[in-house]
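Thanks for coming. Please have the sequence and the model open while I talk.

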Amino acid sequence: MMGGMKGMIVVCGLGCDPEREATLESLAALSGCVVRFCDAKPETSAWLELRVGALKVPRDAAEVLAAAREGLTGLAVWGHPTITSRLAREVLAAAEQDGVEAVVLAGISPISHAMAAGARALGWRADEDAGWTAAPEGEGPPAGAHPAALFDAAAGTVRVVR
Amino acid sequence: MSDRGERLLQRGRPAEACAAFTAAAKKDPSNPSLWLRVADAAFLAGRAANAARAAARAHALGGGDDTLRRALQAHLLAGDEASARRALKGRAGAEAAFWLAVLACRAARWAEARRLFLEAAAADPERLAERAGLFAAWAGHRAAGVARRSEARGISIVGLGWKRPRQATVGGLDALAGCRKLVAVANTLDDATRDLLCLFRAEVSAVAFRGSEAEAAAAARRALRAAAAGPAGTVTRGNPLVYGRFAARLVALARAKGLPVRVLPGVSSYEELAGVDRPGPEAPLGLELRNSHDAGTPGARAMAVFTPYSRSKGALPHRPALWFSSEGLARAPITRVSAAEAASMLARGGAPGILYYASSAKMPVPRLSFKADARLELIGAIELVSGARAARFVDPKDEYAAAARKLLKPFSGHPAVRLQAAFPAAFDFVERCELAHRLTPALEADAARFLPESSVTRAGGRAAVDAWFEALRDLSRASDFAAFFRSRRAALDKRAGKFREAAAAAKVLEDLEAYAGRPFDGTYEVRVSPYFDAERMLNAVWPSGGATRALVTVIGADAGGRDPEYYLRERLPGALWHQLAHGYFDASVEAARPALAGRHDGRATPSFGSWEQCVKEYVVIAVTARLLARSAGEAAQERFLNNGDADLFPAMPALIERLREFEGDRARWPRLAAFLPRLFEAFPAKA
């Protein structure tokens, strides 16, 4: 723990298909936490619990932060913490304000998930694949020529549109 | 060390490097480092057994944990578990426990493996906490049960993440565990990755790939050969499909051979970067990525992904990918910059935070694109099957048309075909495109994109049009037209290439941006179809919520065939400027409605149905004429203006004069929008 910091939180992205896309570092980090929260579908939580230990469903950012002040706390979220999770962003903002050390472990974002599912490359054929957008269902995507991965973090789904 | 060996290795010539290192090692046989380099080069050259012997020799000379690790890696990558066990016999300590756990993994004794990894991590946390902790997580995952079965054949392309093996995914490793052969790209083969590959009882080999197209193709062919006898896997850094020349080649090759191919994504550089950034809770969720050849687009706020491709296109150099490491990234402040600022930073040759990122789902996508459109191709294919009788329909009579006809032939009795065949003659194919290209990609009517009443009437009324749309949706689903379109898209887009190149040569976007004094922040899609009449053009301007509107033009793939020189140099750029100017200035004309109400152009009845619409046309035609004059000469302006419509625009000469005044004093008028009130004074005031 860094000097002057009061507690620690590890925010882990589980990817868009957690049973395949959870990273080793996320599993290892969550295993080492005193308290663990999981903001994902119940099936995902059940799968994760078998691998890292008991999980709680977070009520809000304040609850997660209160646990982090007491000891090393993990928060697992669907997708990527800073791209697809409002809760993760709230926790990170509150942690910064309260002097709680926060670490983000990146997850597979809807863009990477959609690219892999379609096996379409970014940057190999610029004419076809000049860009990608990930946006929440209902909020996007912007009008544009490149593909979009629309995600619904609550449902744990990614939909690709062109 | 052998400098020659290092140079050869860097040049991708591992066999010669191996010979050079061996020669050096024989001159200095008690130097374990040299024997380790022999092992490295031998493995890359496909001589795993030689690599194992060299590594064992290095360990016999060195005797420490580092050389033990290298020797065990070499034995296991060569598939020689017996030698690995002999090397471990009688050895105690954390490193030995770690390798016993690796052997347990290879034998699928997951619980034992997890326990041994955790013991190793606890015994020597400084050296082993990370790798043993990660592998304990993997073993724990396997011990908890994996529902998905391994693939019987095909190739799995697995991304190990930006920080490997920390960001290796459980699904990626599950896929590798089901493979008989594994092919690793040589530049991934650091110690940590070698440890990881040792977890699997597969035959492991390496392919050299340093970035060139030829190397990518050769490496992909080798990987594909590995998949001939059974399930195979390959590992890459980051996400296989980002900067993914090798993976993209491999996907294409596998598909061409009908071999199942799966891509297991890894955490990429942009995801790592997003993990370091801290957007506030109020910022929109999402992420947008662009290729670096788009990074110079003014007004964009996005993260650039730099690729070898864009380098070859003369865009930004590939350097940024080399500028940050995981450690550097963690220390570096994230600076949000516009794309233009980033391009400028690159041009200056160095700055932190060159990869840039903004999570803004609301960001418009500035872009002028030329491409095929599934909606137009669907109704074209239906027209082929329904007898191709619609006026202004072009049957390309080529292999593509034959394939489309073959796809839909089983559906010749489908309502979509029958309805299209029965449409009134006045509802010609161009009119059909006019309605179809306004549908959503899912072929639904879009409330924001009105259907022109005249076209709907000619089709037989709204009920007839709605029935046609419903039938289109059904036929698209039933025939899986989307898959057909995807498979043909690259070839169709290629037909749009000459238009794309002409627009680039005429600097359509750049010239208009310079003339208007502000960046183009809307979208403009030029949809090109082989079925569309080469003499016609459809245009649409839709509000997009931003400052500039969404623009669409439809043209035929053979447009300009009669006089390509004129078409590509004047006609097409003029048409694009016309549409773009609508996007730029229509809103300004609407805002000036009160001032314009007191002016006229001398005609008793304004053209285009209303004075406001008439002024919009005046503005865009005058701007287009001046851009043509500046790009192709004053004669081009005259040709453009004297096309038979001159009587519709009696005030045009006065507007052109005012624009010359604007051009002559850009210091006073940096933006054309600010000059518009003065431009409108060219219309006489009503008495």
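I will go through a sheet and a helix in one chain, and then a helix in the other.

One caution before that: this is a predicted model.

Let me start with the sheet in chain A. It is an open sheet of 4 strands, and the order across it is β2-β3-β1-β4, with parallel pairing. Which strands stand at the edges? They are β2 and β4 of chain A; each has a single partner strand, so one side of each is left without a neighbour in the sheet. From one strand to the next, the twist averages 15°.

Now look at one pair in that sheet. β1(A) and β4(A) run parallel and are joined by 5 bridges. If you want a residue to find on screen, take Cys12(A), whose bridge partner in β4(A) is Leu105(A).

Next, the helix that goes with this sheet. α2(A) lies across β1, β2, β3 and β4 of chain A, and runs at about 145° to β1(A). Is this helix enclosed or open? Helix α2 covers residues 24-31 of chain A, and 7 of its 8 residues are buried, so the helix is largely enclosed by the rest of the structure. The buried ones are Leu24(A), Glu25(A), Ser26(A), Leu27(A), Ala28(A), Ala29(A) and Leu30(A). Note that this list includes Glu25(A) and Ser26(A).

What do these buried residues pack against? Within chain A, the partners are β1 (8-13), β2 (35-39), α3 (42-52), β3 (73-77) and β4 (101-105). There is also a partner from chain B, namely α9 (125-143).

That brings us to chain B. Chain B has 687 residues, and buried residues make up 50% of them. It contains 33 helices and 11 strands. Take the contacts in chain B between residues at least 6 apart in sequence: 68% of these join residues at least 24 apart.

I will pick one helix from chain B, α25, residues 481-495. At 1.5 Å a residue, its 15 residues should span 21 Å, and the end C-alpha atoms are 20 Å apart, which agrees. Where does α25(B) bend? The bend is at Arg489(B), by about 55°.

The buried residues of α25(B) are Phe481(B), Phe484(B), Phe485(B) and Leu492(B). In chain B, they pack against α19 (374-385), α20 (399-408) and α24 (462-479).

To recap the two helices: α2(A) is largely enclosed, with 7 of 8 residues buried, and α25(B) bends at Arg489(B). That is all I have.

Methods: Residues numbered from 1 in each chain as written. Chains lettered and ligands numbered in written order. Predicted model: local features only at pLDDT ≥ 70, side-chain atom pairs only at ≥ 80, totals over all residues. Expected span 1.5 Å × (residues − 1). Bend = angle between axes of the 7 residues up to and from the residue. Buried ≥ 20, exposed ≤ 12 C-beta atoms within 10 Å, placed from the backbone. Contact = placed C-beta atoms within 7 Å. Pairing = 2+ DSSP bridges. Axes fitted to C-alpha atoms, helices over the stretch in contact; angles between N-to-C directions.
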